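User: Please take a close look at a single helix in this chain, and explain step by step how its residues are placed and what it packs against.

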Amino acid sequence: MVSLKYSFLVLGISLLFSCTGENESASATPNGKLLFEKNCAICHGKDGKLGQGGAKDLSITSLSKDDMVRIVEYGKPGMTPFKGLLNDGEIQAVVEYIEELKEK
Ligand code: HEC
């Protein structure tokens with residue numbers, strides 16, 4: 001009887017793990033901070049202020065989110081176009097992160 005109870009427990013735990021695993025991948029929001037540090041910080045710096053190669057200080061930009069999404073998609077002179085490199089969700093996440101940089 002004890003071993004039966006134990007196997008139910010094991011089953012329960014493994015079900016729990018498989019469920020959370022699925023949920024995570026289904027609802028995973030791209031991490032804007034990580035994406036920014038990986039793709040943008042080389043020129044803009046982690047805090048958005050580096051200005052490498054004429055890059056704009058993102059912490060003081062007055063652009064709307066829509067404009068930033070467009071710039072990130074199509075690039076600028078001196079800036080890589082990210083359409084095709086990042087998907088729509090990732091570009092949104094990165095722009096959300098610029099909003100956070102602005103508040104600092
Ligand atoms: C190769 C260097 C480089 C990389 C990488 C880069 N940028 Fe830029 N970025 C620039 C330069 C240079 C400008 C200024 C272009 C201009 O306006 O003439 C700029 C401008 C911008 C602007 C406009 C700011 C304003 O106020 O006009 C935004 C928004 C921006 N970058 C976001 C990003 C994001 C988000 C990423 C990463 C996904 C990124 N950039 C990656 C070089 C870069």
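Analyst: In this predicted model, Asp88 and Gly89 are exposed on one side of helix H5, whereas the buried residues of the helix, namely Ile91, Val94, Val95, Tyr97, Ile98 and Leu101, lie elsewhere on its surface. These buried residues cover an arc of only 155° around the axis, which puts them on the same side of H5, with Asp88 and Gly89 on the other side. The general background is that an α-helix has 3.6 residues a turn, so residues three or four places apart point the same way.

The length of H5 can be checked as well: at 1.5 Å a residue, its 15 residues should span 21 Å, and because the C-alpha atoms at its ends are 21 Å apart, the expectation and the model agree.

What covers the buried residues of H5 includes H2 and helix H4, which runs over residues 65-74. Looking at H2 (residues 32-39) in particular, this helix packs against H5 (residues 88-102) at an angle of about 90°, with the two axes 8 Å apart; angles of 65 to 115 degrees count as roughly perpendicular, and H2 and H5 are therefore roughly perpendicular to each other. In this contact, Gly32, Lys33, Leu35 and Phe36 from H2 meet Glu90, Ala93, Val94, Glu96 and Tyr97 from H5, and the residues involved divide into five nonpolar, one polar and three charged. Val94 and Tyr97 thus appear both among the buried residues of H5 and among the residues that meet H2.

As for the wider setting, the protein chain has five helices and zero strands, and 12% of its 104 residues count as buried.

Technical notes: Residues are numbered from 1 along each chain as its sequence is written. This is a predicted model: local features need pLDDT of at least 70, side-chain atom pairs count only at pLDDT 80 or more; totals for chains, interfaces and linings use all residues. Axes are lines fitted to C-alpha atoms, for helices over the stretch in contact, and angles run from 0 to 180 degrees between N-to-C directions. Helices (H or I, at least four residues) and strands (E, at least two) are DSSP runs, numbered from the N terminus. Angles under 35 degrees count as roughly parallel, over 145 as roughly antiparallel, 65 to 115 as roughly perpendicular and the rest as oblique. Two residues are in contact if their C-beta atoms, placed from the backbone, lie within 7 Å. Ala, Val, Leu, Ile, Met, Phe, Trp, Tyr, Cys and Pro count as nonpolar, Asp, Glu, Lys and Arg as charged, and the others, Gly among them, as polar. A residue is buried if 20 or more other C-beta atoms lie within 10 Å of its own, exposed if 12 or fewer, and partly exposed in between; C-beta atoms are placed from the backbone. The expected span of a helix is 1.5 Å times one less than its number of residues. The arc is that of the directions from the helix axis to the C-beta atoms.
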